[in-house]
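The following exercises introduce a protein model to a reader who has not met it before. Each task is followed by a solution that proceeds step by step.

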Amino acid sequence: MSAPTDRRYLQTHEWHKLQGDIVTIGITQFAADELTDITFIDLPKVGAKIQANQRFGEIESVKATSDLYSGVSGTVTQVNDALQNEPGLINRDPYESGWMIKIQITNPAELNNLLSVEDYLKKVGH
Amino acid sequence: MTHAPEKLLFELSTPGARAVDLPESDVPTAELDPALCLFTESGLPEIGQLQLVRHYTHLSHRNFSVDDNFYPLGSCTMKYNPKVNEWAAALDGFANLHPMQPDADTQGALALLYHLRIFLAEIAGLDEVSLQPCAGAHGEWTALKVIRAYFRDHGQPNRRIVLAPDTAHGTNPASCAMCGTNVVTIKSRPDGLTDLDDLRAHLSDEVAAVMVTNPNTVGRFDAHIADMADLIHDAGAFLYLDGANMNAILGITRPGDFGADIMHYNTHKTFSTPHGCGGPGAGPIAMRKQLAPYLPVPQVIKTGDTYSLDYNRPKSIGRVRSFHGQFNVLVRAYAYIAACGAAGLRNVSETAILCANYLAQRIKHAYALPFGPPDGQPMAVAPCAHEFITVPQAILDRGVTIMDIAKSLIDRGYHPPTVHFPIHDCLMIEPTETESKAVLDGFADTMLQLAEQSQRDTAPFKAAPVNQPVRRLDEVAAARKPILTWTPGDKA
């Protein structure tokens, strides 16, 4: 298994990609495969304040319901509305069109607390 | 059982058909205000009585219950409900009672409620019981309200956090949310038990309670529970016991003895009242003395030889249910406890544990137990409680999913175990105490046949179920695009 090297990860399977002062968050292919077909996703609204290591949403599949966590603090600037009608995007393309939220971050140093791709893959046993 | 598709009532509708003939009206006709009338067709089905009876009889034949066959649905304790319970609930003095009758007319019913209170307090090892909550989750919510009332009364309204392990039943965080408290999740260790260090790290003067299920949802009794209770009490919080798994500890240990301060019962699991039962159930709560002033009113009390309802409890959180709870469900719970007696209840739990360990032992070479003994070791090395979890990785690696196994069991006449709870890719199997060795062996043989089948050919798994009124349903489409109403032209 592999995962993109241009982002950092939480052990709870969320990826974080930094562009300028905006961090985009989604979940990994491993997590999407484990969940199987995703049927519903609950995301915050634009403008919502997010705290590092707190839950920001919820994802539901035919198998399970799981919380979504952010590794960084900040304000939500964009939400991927396409997921409401087509949550299967997360299964098919978790790293690109299956992204969830974009956050304007307040403390870039928080990213240093997240896992590198190598450490993440080691944590999930690959 | 017939497998012909059953048409919906709307499709069976014949214009002008009637199930009953109303008598001629013998009162004068009154004009309705046209503003209150709907002049379009109602679209309600029109059906004759016999056709209506047949429709529901056909549907009832498709029902699956413990009275049909083995139902090892983990976490749900699908034990057989003895028919004597139904005899008791149908007694005239109980079934035809009106809740507004004066206490003097209802002494028998009040006595039953009073003695059930005493039974449940004794089984819990706690001081006081409220019979009012009408479901396990309603009991959780009521108990959390009681805890909140206690802390408000003791000048600690800031205690708004409830800790719950990541293996908790979904109702725990839901009850907390309904009660206005914040839930924080505590991690489990790899062996499925609560991580005491993580618990310690989360305890503070803002924590109101810790909700624990013991034995927990992975089917293991947490022997550290008394240490956990000490930690929780030292932090000034209460230990809440989710009584979902009481079927494993009746008469063996008591929540109050291992440090729980308040708990709920699921009478449909532990005390053989109906699951679902076409209406509310009962979720009594038991608690220590210091929490008792806050429990719901009214409380059944005994003064001399007279039973009555006590409303004079100024610190009570008030009513959580009309009248006196779900009385006829409580009658069944009473009948069960009285029929078993103290020794019988202990026998219930010992047999439930024995059945689960026997079944686990018979299949574990093909169905791995992530929280069981090491490979090749007997169950006695690390016994389960009344249920166990398997993650049959070897079978999954052959491309057979948990859902494929579940659907294949349906074809063989069994209700599938719980799937994907409390961890991914698991089956949670709870045989209960009411099954014979022959039934357990039959189920074990079937499970082993499925494991063997997975080595030869996985195609039959993908086709299952084939012997049922419906084949494999598209659960993804049903979840993503549910169709909740029928309109003419739709296919049934």
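## Exercise 1: A salt bridge within one helix

A:D119 is partly exposed, with 36% of relative accessible area. The model to which this residue belongs is predicted.

**Task.** Determine which residue forms a salt bridge with A:D119, and where the two residues lie.

**Solution.**
- Step 1. The partner is A:K122, and the closest N and O atoms of the pair are 3.9 Å apart. A salt bridge requires these atoms to be within 4 Å, so the pair qualifies.
- Step 2. Both A:D119 and A:K122 belong to helix α4 (residues 117-123) of chain A. They are three residues apart, about one turn of the helix.
- Step 3. A:K122 has a relative accessibility of 61% and counts as exposed, whereas A:D119, at 36%, is partly exposed.

The background to such pairs is general: side chains of opposite charge can pair when their charged atoms come close.

## Exercise 2: Salt bridges between distant parts of a chain

**Task.** State which elements of chain B are linked by the salt bridge between B:R332 and B:E86, and classify each of the two residues as buried, partly exposed or exposed.

**Solution.**
- Step 1. The side chains of B:R332 and B:E86 meet with an N to O distance of 2.8 Å. The pair links distant parts of the chain: B:R332 is in helix α11 and B:E86 in helix α3, 246 residues apart.
- Step 2. Buried means under 20% relative accessible area. B:R332 has 14% and is therefore buried.
- Step 3. B:E86 has a relative accessibility of 35%, which makes this residue partly exposed.

**Task.** Carry out the analysis for B:R472 and B:D404.

**Solution.**
- Step 1. B:R472 forms a salt bridge with B:D404, with 3.1 Å between the closest N and O atoms.
- Step 2. B:R472 is in the loop between α15 and α16 of chain B, and B:D404 is in helix α13 (residues 402-411), so the pair ties together parts 68 residues apart in sequence.
- Step 3. B:D404 is buried at 3% relative accessible area, while B:R472 is partly exposed at 30%.

**Task.** How many salt bridges does the structure hold over all chains, and which residues are linked in a network?

**Solution.**
- Step 1. Over all chains, the structure holds 28 salt bridges.
- Step 2. A:D6, A:R7, A:K17 and A:E96 are linked in a network of salt bridges.

## Exercise 3: The largest cavity

**Task.** Describe the largest cavity by its volume and its lining.

**Solution.**
- Step 1. A search of the whole structure finds three cavities of 30 Å³ or more. The largest has a volume of about 100 Å³.
- Step 2. The lining of the largest cavity includes B:L113, B:R117, B:Q132, B:P298, B:V300, B:L309 and B:H324.
- Step 3. Helix α5 (107-124) and strand β8 (299-303) of chain B each supply at least two residues of this lining.
- Step 4. By residue class, the lining divides into six nonpolar, five polar and one charged.

## Exercise 4: Backbone geometry

Most residues other than glycine have a negative phi, and most peptide bonds are trans.

**Task.** Which peptide bonds are cis in the cases of B:P298 and B:P465, and in which loops do these prolines lie?

**Solution.**
- Step 1. The bond from B:V297 to B:P298 is cis, with omega near -5°. B:P298 is in the loop between β7 (285-287) and β8 of chain B, and this proline is also one of the residues lining the largest cavity.
- Step 2. The bond from B:A464 to B:P465 is cis, with omega near 0°. B:P465 is in the loop between α15 (459-463) and α16 (475-480) of chain B.

**Task.** Give the phi values of A:N53 and B:F323, and locate both residues.

**Solution.**
- Step 1. A:N53 is not a glycine, yet has a positive phi of about 65°. A:N53 is in the loop between β5 (49-50) and β6 (55-61) of chain A.
- Step 2. B:F323, likewise not a glycine, has a positive phi of about 50°. B:F323 is in the loop between β9 (306-310) and α11 (327-363) of chain B, and is partly exposed at 34% relative accessible area.

## Exercise 5: Surface and interior

**Task.** Decide whether B:W87 and B:H264 are buried or exposed.

**Solution.**
- Step 1. B:W87, in helix α3 (residues 83-90) of chain B, has a relative accessible area of 56%. Exposed means over 50%, so B:W87 is exposed.
- Step 2. B:W87 forms a nonpolar surface patch with B:V84 and B:L91, with about 290 Å² of accessible area together.
- Step 3. B:H264, in strand β6 (residues 262-265) of chain B, is buried, with a relative accessible area of 1%.

Key. Residues are numbered from 1 along each chain as its sequence is written. Chains are lettered from A and ligands numbered from 1 in the order in which they are written. This is a predicted model: local features need pLDDT of at least 70, side-chain atom pairs count only at pLDDT 80 or more; totals for chains, interfaces and linings use all residues. Side-chain values use heavy atoms; hydrogens and water are left out. On a 1 Å grid over the protein atoms alone, a cavity is a set of points where a 1.4 Å probe fits but cannot get out, and a pocket is an open set with protein on both sides within 12 Å along at least five of seven lines; lining residues have an atom within 4 Å of a point. Grid points are joined across faces, edges and corners, and a volume is the space filled by probe spheres set on the points. Helices (H or I, at least four residues) and strands (E, at least two) are DSSP runs, numbered from the N terminus. Ala, Val, Leu, Ile, Met, Phe, Trp, Tyr, Cys and Pro count as nonpolar, Asp, Glu, Lys and Arg as charged, and the others, Gly among them, as polar. Patches are made of residues with over 30% relative accessible area and no salt bridge: like charges are joined within 9 Å, nonpolar side chains (Val, Leu, Ile, Met, Phe, Trp, Tyr) within 5 Å. Accessible areas come from the Shrake-Rupley method with a 1.4 Å probe; for residues, only the protein chains shown count as cover. Buried means under 20% relative accessible area, exposed over 50%, partly exposed in between (1.4 Å probe, protein chains only).
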